[in-house]
Each structure stands twice: as structure tokens, then as C-alpha cells.
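Here is a friendly note from a colleague who has been through the model. Please have the structure open beside you as you read.

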Amino acid sequence: QGQAIAKGKNLARTLGNLPGNLCHPAYLAHEAKNLAKQHSKLTTQVLGEKQMRALGMNALLSVSAGSEQEAQLIVMDYKNGKPNAKPIVLIGKGITFDSGGISLKPAATMDEMKFDMGGAASIFGVLQAIIALNLPLNVIGIVAAAENMPSGTASRPGDVVTAMAGKTIEILNTDAEGRLVLCDAMTYAERYQPAAVVDVATLTGACVIALGHSISGLLSNDDTLADALLAAGQYAADRAWRLPMNEDYQQQLASTVADMANVGGRAAGTITAACFLSRFAENYPWAHLDIAGTAWVSGKHKKGATGRPVGLLVQYLLDQVGR
């Protein structure tokens with residue numbers, strides 16, 4: 001188990017450490033197809049922008065609108081459980097480079113935004129690990145891959161888009177793009193009638209302020225799922241801490257022109273981001289892991305991806321089969 005988890009973490013590190021000019025959405029799609037070629041229990045399907053547009057994934061597509069790189073929705077399906085058993089769906093934020101878009105980030109340390117696909121990288125690592133462990137489960141890994149860039153075609157602050165779920169979103173800040181790709185991926189996950197959905201994302205700087213770089217943030221609409229993830233993280237030395245997600249926080253996402261805004265202000269930024277996502281998780285048990293503080297290490301001489309939370313997620317899956 002230790003070797004399988006270590007190799008999974010190393011795969012996540014390798015993908016995370018690649019520069020954005022090499023590791024773009026098409027590269028992640030290629031790697032997912034290669035992983036499936038190596039393992040008969042895994043199949044990979046990739047949806048391009050034409051297919052996503054037909055499905056109404058306008059929130060996700062609003063993020064890639066400013067980039068020459070086409071967005072990719074990557075679906076990796078691991079079938080090794082009972083044929084009728086509901087799958088566990090893991091969704092990774094795959095922003096291969098995040099400039100902030102029109103809401104441009106400061107130049108300092110922007111190079112580290114190649115790590116904004118840390119959630120996606122962890123999904124690859126988890127799947128490699130559970131394949132090696134031959135876990136008797138059905139697990140689907142979904143990666144919402146896009147590049148967030150400023151250009152004449154990029155989304156503007158104030159734009160309104162309709163997500164796949166039919167809900168309208170006022171984009172107040174184009175740098176709050178992770179939730180926009182995730183919400184459409186979460187709606188797409190409904191077709192699998194999942195037993196549970198866990199999304200993993202380097203989502204908010206507020207999580208770094210709240211929890212630092214040692215512990216990931218966890219928010220959920222289901223106590224049983226949240227407790228299982230917390231216990232797995234504790235056992236795997238890949239800890240998370242649960243934050244509240246009370247109805248009061250939802251009010252911060254109010255918009256005068258749409259069903260919701262994509263940001264709720266500076267206060268409780270990690271919580272309001274999860275509140276946004278919760279509106280697209282009404283039909284299944286769901287948990288959100290904010291790994292903005294734990295997915296990589298900053299600094300000129302020690303910069304690099306950590307491979308987290310592969311350990312937590314693999315342990316959670318091991319616990320589902322009693323190992």
C-alpha cells in the first residue's frame with residue numbers, strides 16, 4: 001500500500017511540477033488516455049469544447065474563453081467493483097495555468113500558478129494508486145481542465161453565464177475561475193448516480209490564511225462523508241479540517257442580475273466558495289477539499305508540488321473496502 005500511494009503521489013508531483021507551456025489541458029487529456037492504455041480496468045473519455053457547449057457547460061467554457069488552449073473535460077472510469085455498485089466520483093480542478101484572466105493576478109509568484117491544477121494531478125495519482133492496489137471499487141475521476149488567460153475573447157467582470165445546471169452566474173471576478181469549471185463538472189457527475197462526490201481544488205487564498213500550509217480545508221453537505229475523509233486524513237498523515245457551511249454564508253453570493261455571483265467578498269472566502277459549489281451538489285453526498293495551502297511548497301529554492309491529498313483520498317477508498 002505504501003509503495004502504491006507513494007507512486008501515486010509522485011505522479012501527482014510530476015504533473016504539478018511541469019510548466020504551463022508543457023502541461024496544458026490537451027497534455028492532461030493525453031496522459032489520461034495513456035493511463036487507460038496501460039490498465040484494462042480503466043477507460044478514458046475526453047470531451048472537447050464543442051461537446052461541452054452542446055451540454056451547456058458555459059461556466060467551464062467561460063474560463064477557457066481567453067486562451068488558445070481548448071478546455072478538456074477528462075473522465076477516467078475505473079471499474080473493479082460490483083457491476084451495479086454506485087461509483088465514487090472524484091473531481092479535480094485542472095487549471096493548468098491561472099493568470100487570473102481579466103482580473104489579472106500580481107506578477108510576483110505568478111509562476112506558481114502552474115500548480116493550480118494540483119487537484120487534477122491528485123486525481124491522476126489516486127487512480128494510479130488504486131489500480132496498483134486492485135481495489136474492488138467503481139471510481140470515476142473527472143478532471144475539468146482549462147487555462148485561464150486574458151485576451152480579447154476572455155470573460156469580463158460583470159458577464160453572466162448559464163451553467164449546465166441551468167443556473168445563471170454573474171462573474172464578478174475572473175480569478176474565481178476554479179468554482180466555474182468545477183460546478184459544471186459536478187453537474188456532469190450526476191449522470192453516474194454517484195454514491196459520493198469529492199472535489200479537490202486549489203481554490204482559495206483564504207484557505208491558506210485560515211489553515212496555513214499543513215492542513216487542507218474540508219467542507220461538506222454530508223456528515224458521514226466528511227467524518228470518513230477526516231479520519232482517512234488523520235490516519236494517512238494528510239490531515240484536513242472541517243469548516244462550517246451554514247445557510248447564512250449563502251447570502252454573500254447574492255446577485256441582482258443572476259441566480260448567484262461567483263464571489264462573496266473577502267470575508268469567509270473559503271466558505272463562500274464552497275457555498276457556491278454546494279448549489280450544484282444537491283443530488284448526492286458531496287465534500288470539497290480546498291488544497292490551496294497544501295498542494296505545493298513556495299520559495300525560490302524549494303518550490304514544488306507535494307502530491308497532496310493523494311494519501312488522504314487513497315486511504316478513504318481503502319476504508320471503503322475495509323483495508
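The points below go from one strand outward to cores, charges, rings and a sheet.

1. A word on the source before anything else. This is a predicted model, and every remark that follows should be read with that in mind.

2. Strand β3 is a good place to start. It spans residues 88-98, and 11 of its 11 residues are buried, so the rest of the structure largely encloses this strand. If you are orienting the view, I would begin here.

3. The partners of β3 come next. Strand β4 (residues 138-148) pairs with β3 in the parallel sense over 10 bridges. Strand β7 (residues 196-201) also pairs with β3 in the parallel sense, over 5 bridges. Val89 is a handy marker for both pairings: it stands opposite Ile140 in β4 and opposite Val197 in β7.

4. Now follow the chain from β3 to β4. Helix α5 (residues 118-133) joins these two strands in a β-α-β unit, and the unit is right-handed.

5. On to the nonpolar interior. The largest nonpolar core holds 60 residues, with Met76 and Leu317 having the most contacts inside it. Helix α5 gives this core its largest share, 10 residues. As general background, nonpolar side chains in soluble globular proteins tend to be buried together.

6. Leu317 deserves a closer look. Setting aside neighbours within four places in sequence, its contacts are Ile88, Leu90, Val126, Ile130, Leu135, Leu137 and Val139. A second core, separate from the one above, has 47 residues, and Val75, Ala146, Cys183 and Phe280 are among them.

7. Which residues does the salt-bridge network around Lys93 link? Lys93, Asp116 and Glu177 are linked in it. The count of salt bridges comes to 11, and the two made by Lys93 are taken in turn below.

8. Lys93 forms a salt bridge with Asp116, with 3.0 Å between the closest N and O atoms. Lys93 belongs to strand β3 and Asp116 to the loop between β3 and α5, so this pair ties together parts 23 residues apart in sequence. Are these two charged residues buried or exposed? Lys93 counts as buried because its relative accessibility is 2%, under the cut-off of 20%. Asp116 is buried as well, at a relative accessible area of 3%.

9. The side chains of Lys93 and Glu177 also meet in a salt bridge, at 3.3 Å from N to O. Here the link reaches from strand β3 to the loop between β6 (168-171) and α6 (178-189), so parts 84 residues apart in sequence are tied together. Glu177 is buried, as Lys93 is.

10. Strand β3 offers one more charged pair. Lys105 forms a salt bridge with Asp98, the closest N and O atoms being 3.6 Å apart. Asp98 is buried, with a relative accessible area of 2%.

11. Turning to the rings, the whole structure has 3 aromatic pairs. One of them is formed by Phe115 and Trp296, and it is stacked, with 5.4 Å from centre to centre and 20 degrees between the planes. Phe115 sits in the loop between β3 and α5 and Trp296 in strand β12 (residues 296-297), so the pair links distant parts of the chain, 181 residues apart. Phe115 is buried at a relative accessible area of 2%, and Trp296 counts as buried at 11% relative accessibility.

12. Phe276 and Phe280 give another aromatic pair, this one tilted, at 5.5 Å centre to centre with 45 degrees between the planes. The relative accessible area of Phe276 is 0%, and this residue is buried. Phe280, at 2% relative accessibility, counts as buried too; this residue also belongs to the second core.

13. Finally, a sheet away from the β3 discussion. Three strands, in the order β5-β6-β10, make an open sheet with mixed pairing. Its edge strands, β5 (159-162) and β10 (260-261), each pair on one side only. Strands β5 and β6 pair in the antiparallel sense over 4 bridges, and Asp159 stands opposite Ile171 in β6.

Definitions and conventions:
Residues are numbered from 1 along each chain as its sequence is written. This is a predicted model: local features need pLDDT of at least 70, side-chain atom pairs count only at pLDDT 80 or more; totals for chains, interfaces and linings use all residues. Side-chain values use heavy atoms; hydrogens and water are left out. Buried means under 20% relative accessible area, exposed over 50%, partly exposed in between (1.4 Å probe, protein chains only). Two strands pair if DSSP finds at least two bridges between them. A crossover is right-handed if, with the strands pointing away from the viewer, the path from the first strand over the helix to the second runs clockwise. A nonpolar core is a set of buried Ala, Val, Leu, Ile, Met, Phe, Trp, Tyr and Cys residues joined through side-chain atoms within 4.5 Å. Contact means heavy atoms within 4.5 Å. A salt bridge is a side-chain nitrogen of Lys or Arg within 4 Å of a carboxyl oxygen of Asp or Glu. Rings of Phe, Tyr and Trp (its six-membered ring) pair if their centres lie within 6.5 Å; planes under 30 degrees apart count as stacked, over 60 as edge-to-face and the rest as tilted.
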